[in-house]
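Hi everyone, thanks for coming. I'll put a structure up on the screen, and then we'll walk through it together, starting wide and zooming in.

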Amino acid sequence: MKKKSTILTHDKNLAPGFRLFLMTLPFLALVFIFSYLPLWGWRYAFYDYRPPKALSDCTFVGFKHITSMVGNPALAKNVFRVLKNTLGMSLLGMATSWIPMLFAMFLAEIKSVRYRKFVQITTTIPNFISWIIVYSIAFAVFSSSDGLINNVMAAINPEWKRINFLADTNHMWLKMWAWGQWKGLGYSAILYISSIAGIDQEMYEAASIDGAGRFQKMRYITFPCLLPTFITLLIINVGNFLNRGMDQYFAFQNALNKEYIEVIDLYVYNQGIVGNAMSFSTAVGMTKSLISLVLLFIANTVSKVFRDGESIF
């Protein structure tokens with residue numbers, strides 16, 4: 001007992017800040033292992049690596065693979081195509097980044113608690129479904145052979161010519177954006193829903209006394225209160241402008257749409273794992289990360305200018 005009380009007394013004597021630091025150590029370790037330790041793999045970009053050789057047995061080529069992205073016409077053409085796909089879909093996503101905020105605003109106006117929870121749960125669940133399952137759903141609905149739409153149309157019109165929607169290259173960016181919206185809309189709105197819950201209800205009561213309607217409250221109270229959150233998330237998304245991920249595009253790619261669907265992350269995978277050009281793919285991924293870091297600092301500087309010195313980090 002005496003030993004136990006001594007330990008408890010020792011714990012109480014620890015500074016609160018030091019105790020908080022000890023609590024964050026496991027999370028700092030995870031960040032180091034998964035975010036910083038992989039940067040050691042960047043050294044492959046400066047060697048002409050040929051597996052299964054050891055890196056020490058490979059030729060050091062310096063910035064050869066980095067300069068080849070613009071110096072080699074064939075590689076430069078592919079990099080430009082992939083960059084165009086990435087920027088196009090990122091701009092489309094950024095231009096429609098207000099949709100989760102608008103969805104949260106309308107969701108908060110639903111008076112029935114049960115129905116509101118039903119809508120929120122229904123729109124949030126797709127976020128936890130893997131992209132492989134999403135593609136399976138898309139294949140079941142849009143397949144040219146046994147797809148639901150083609151089967152229904154063939155039953156209605158025997159002369160219906162089956163369409164392979166998944167292989168059709170028309171409006172491919174818009175299709176990928178639509179699938180992303182369906183999967184992530186509810187989850188993206190959670191932060192805005194939390195912000196709405198924190199708005200002072202007396203503001204709404206005062207607006208009701210002044211005769212404001214539902215849409216006027218949304219315009220003059222809810223929207224201004226959510227705007228700082230929206231701007232902060234928008235600025236952070238600038239840093240992730242080139243990070244489209246590869247899961248969605250890997251699941252939906254095929255020989256026909258690959259030219260329009262291949263983004264930087266998928267290109268790195270195809271070059272490094274499929275094409276066995278590991279050094280070049282590492283150089284592309286490293287360059288993308290450095291550009292994203294520069295964009296994040298630029299966005300933070302712009303935030304300080306337009307938000308009276310407020311920084312996002």
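So, how many helices and strands does the protein chain have? There are 16 helices and 2 strands in the protein chain. The chain is more spread out than a compact globule, because its radius of gyration is 26 Å, well over the 20 Å that the globule rule gives for 313 residues. And before I forget, please keep in mind that this is a predicted model.

Okay, a few more overall numbers. If you draw a box along the principal axes, the C-alpha atoms fill roughly 75 × 65 × 50 Å. Of the 313 residues, 30% count as buried. The chain exposes about 19,900 Å², and carbon and sulfur atoms supply 68% of that.

What about charges? You'll find 28 positive and 17 negative side chains in the protein chain, with the centres of the two sets 6 Å apart.

Now think about contacts between residues with a separation of 6 or more along the chain. Residues 24 or more positions apart account for 61% of those contacts.

Let's zoom in on a threonine. Where does T96 lie? You can find T96 in the loop between α4, residues 73-95, and α5, residues 99-108. Is T96 buried or exposed? T96 is buried, because its relative accessible area is 13% and the cut-off for buried is under 20%.

So who does T96 meet? Leaving aside neighbours within four places in sequence, T96 is in contact with W177 and Q181. Take Q181: along the chain it is 85 residues from T96, yet their C-alpha atoms are separated by 9.4 Å. There's also a partner on the backbone: a polar atom of the T96 side chain lies 2.9 Å from the backbone oxygen of L92.

Our second threonine is T124, and this one sits in helix α6, which covers residues 113-124. T124 counts as buried too, because its relative accessibility is 11%, and again, buried means under 20%.

Which backbone oxygen lies 2.6 Å from a polar atom of the T124 side chain? That's the one belonging to Q120. And when we skip the neighbours within four places in sequence, T124 is in contact with G186, Y187 and I190.

To wrap up, we've looked at two buried threonines, T96 in a loop and T124 in a helix. Each has a side-chain polar atom close to a backbone oxygen, from L92 for T96 and from Q120 for T124. Thanks for listening!

Notes
Residues are numbered from 1 along each chain as its sequence is written. This is a predicted model: local features need pLDDT of at least 70, side-chain atom pairs count only at pLDDT 80 or more; totals for chains, interfaces and linings use all residues. Side-chain values use heavy atoms; hydrogens and water are left out. Helices (H or I, at least four residues) and strands (E, at least two) are DSSP runs, numbered from the N terminus. Buried means under 20% relative accessible area, exposed over 50%, partly exposed in between (1.4 Å probe, protein chains only). Contact means heavy atoms within 4.5 Å. A polar contact is a pair of N or O atoms within 3.5 Å; within protein, one must be able to donate a hydrogen and the other to accept it, and residues adjacent in sequence count only if both atoms are side-chain atoms. The radius of gyration is taken over C-alpha atoms; the globule rule is 2.2 Å times the number of residues to the power 0.38. Accessible areas come from the Shrake-Rupley method with a 1.4 Å probe; for residues, only the protein chains shown count as cover. Lys and Arg count as positive and Asp and Glu as negative; His and the chain ends are not counted. The place of a charge is taken as NZ of Lys, CZ of Arg, CG of Asp or CD of Glu.
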